[in-house]
Amino acid sequence: MADRFQYGFIGCGNMVSAIIQGMISSQFCPSSQIGVSSRTQSRIQALSKDTDIVAVQSNQELAQKSSIIIVGVKPAQYPTVLHEITSSLHSDTLIVSITPSFTLAQLQHMIDHKCHVLRAMPNTPLAVGCGMTAICAPDDVPAEIRQKVVDLFSSCGRVEVIPETLMDVVPAASGSSPAFFFIIAEAMADAVVMQGMPRQQAYSFVAQTMLGSAKMILESGKHPGQLKDEVCSPGGSTIAGIAKLEEMGLRGTIISGMNATWEKIKEMGKKTE
Ligand SMILES: NC(=O)C1=CN([C@@H]2O[C@H](COP(=O)(O)OP(=O)(O)OC[C@H]3O[C@@H](n4cnc5c(N)ncnc54)[C@H](O)[C@@H]3O)[C@@H](O)[C@H]2O)C=CC1
Ligand SMILES: O=C(O)[C@@H]1CCC=N1
């Protein structure tokens with residue numbers, strides 16, 4: 001195991017690039033311990049420009065040479081890629097699936113039960129060390145191997161180990177929801193630009209306020225409703241804005257969007273049963 005890459009990635013798109021950027025920034029492990037194979041090379045070249053990350057020529061070679069393999073291809077590619085690497089897996093290899101589409105049982109079936117499999121659901125803010133990752137692992141994954149995955153994702157943000165029954169919920173909570181927050185930030189900045197602030201300054205004000213509000217929820221121990229109340233003066237400007245947002249159905253709209261994400265995940269899971 002010692003002469004293999006500690007972490008091997010298959011695919012190097014948006015999510016894998018975010019994970020590797022987070023690992024490099026936190027100096028989690030020597031970059032020479034990270035191997036990557038991908039159909040497209042541009043992202044690997046960008047990541048390896050100032051590091052010792054190793055571009056591996058094929059998925060099979062990557063599988064042969066890695067202790068922990070993070071599969072970062074789109075769900076449609078999972079069966080093909082896992083089938084392709086099965087004969088190269090060692091019995092002590094760990095496969096980490098980061099797609100919401102397949103259960104542990106389905107993944108194990110795809111690799112003919114050749115090695116351990118664990119599921120993780122990260123998000124792109126791992127790139128800046130502020131990610132959120134859910135992990136679920138079957139009991140037969142040895143504790144020290146599971147810990148290596150927890151340590152990897154912890155180097156780029158928070159990690160929670162959860163039961164597999166909750167994994168369908170995580171995309172709406174944290175995997176997909178960065179996209180929702182980006183849209184909200186964009187819309188808020190548009191309004192501020194409309195009101196006269198230069199655009200870059202608007203992004204800075206809005207993003208810093210999102211960050212600070214999130215920290216208050218995480219660190220104050222107060223209910224979000226109480227934190228909201230503390231901003232609203234009687235007869236003031238904030239409550240006037242909130243009244244308009246409620247009139248336009250803000251909460252219902254958000255809940256519907258979150259539920260649409262959840263429904264889609266369940267639909268994708270059923271298709272692959
Ligand atoms: N983008 C996100 O925010 C998140 C994505 N995920 C999951 O991560 C996985 C990847 O998603 P993205 O990074 O967004 O996709 P992407 O399309 O940006 O990246 C996919 C990568 O896989 C490579 N690839 C495709 N077929 C391949 C093959 N046969 N062999 C080797 N490489 C191959 C592509 O060249 C590309 O580099 C998906 O399963 C997705 O569900 C999970 C959480 C968040
Ligand atoms: O939409 C997607 O395919 C992935 C799953 C979680 C976030 N993005």
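What follows walks through the sheet, a helix pair and the surroundings of two ligands in a predicted model.

The sheet is a good place to start. It is open, has eight strands in the order 3-2-1-4-5-6-7-8, and its pairing is mixed. Strand 3 (54-55) and strand 8 (157-161) sit at the edges; each has a single partner strand, so one side of each is left without a neighbour in the sheet. In general, strands of a sheet pair through backbone hydrogen bonds, in either a parallel or an antiparallel manner. For strand 7 (residues 131-136) and strand 8 the sense is parallel, and five bridges join the two. Within this stretch of the sheet, I135 is found opposite V161 of strand 8. Helix 6 (residues 143-154) packs on the sheet and touches strand 1 (5-10), strand 4 (66-71), strand 5 (94-97), strand 6 (116-121), strand 7 and strand 8. The direction of helix 6 makes about 25 degrees with that of strand 6.

Next comes the helix pair. Two packed helices are described by the angle between their axes and the distance between the axes. For helix 8 (residues 177-194) and helix 9 (residues 199-220), the axes come within 9 Å and cross at roughly 130 degrees. That angle makes helix 8 oblique to helix 9. As for handedness, the crossing of helix 8 and helix 9 is right-handed. On the helix 8 side, the contact is made by F181, A185, M188, A189, V192 and V193. Helix 9 brings R199, A202, Y203, F205, V206, A207 and M210 to the contact. Sorted by class, the residues of this contact come out as 12 nonpolar, no polar and one charged.

That leaves the ligands. Around ligand 1 there are 28 residues, of which G11, G13, M15, T40 and T99 come nearest. Two elements, helix 1 (14-25) and helix 4 (78-85), give two or more residues to this shell. Helix 1 supplies the largest share, three residues. As for the chemistry of the shell around ligand 1, it has 14 polar, 11 nonpolar and three charged residues.

Ligand 2 is surrounded by P100, P171, G175 and S176. The shell around ligand 2 splits into two nonpolar and two polar residues, with no charged ones.

Key
Residues are numbered from 1 along each chain as its sequence is written. Chains are lettered from A and ligands numbered from 1 in the order in which they are written. This is a predicted model: local features need pLDDT of at least 70, side-chain atom pairs count only at pLDDT 80 or more; totals for chains, interfaces and linings use all residues. Axes are lines fitted to C-alpha atoms, for helices over the stretch in contact, and angles run from 0 to 180 degrees between N-to-C directions. Helices (H or I, at least four residues) and strands (E, at least two) are DSSP runs, numbered from the N terminus. Angles under 35 degrees count as roughly parallel, over 145 as roughly antiparallel, 65 to 115 as roughly perpendicular and the rest as oblique. A crossing is left-handed if the near helix is turned anticlockwise from the far one by less than a right angle, and right-handed if clockwise. Two residues are in contact if their C-beta atoms, placed from the backbone, lie within 7 Å. Ala, Val, Leu, Ile, Met, Phe, Trp, Tyr, Cys and Pro count as nonpolar, Asp, Glu, Lys and Arg as charged, and the others, Gly among them, as polar. Two strands pair if DSSP finds at least two bridges between them. A residue is near a molecule or strand if its C-beta atom, placed from the backbone, lies within 6 Å of it.
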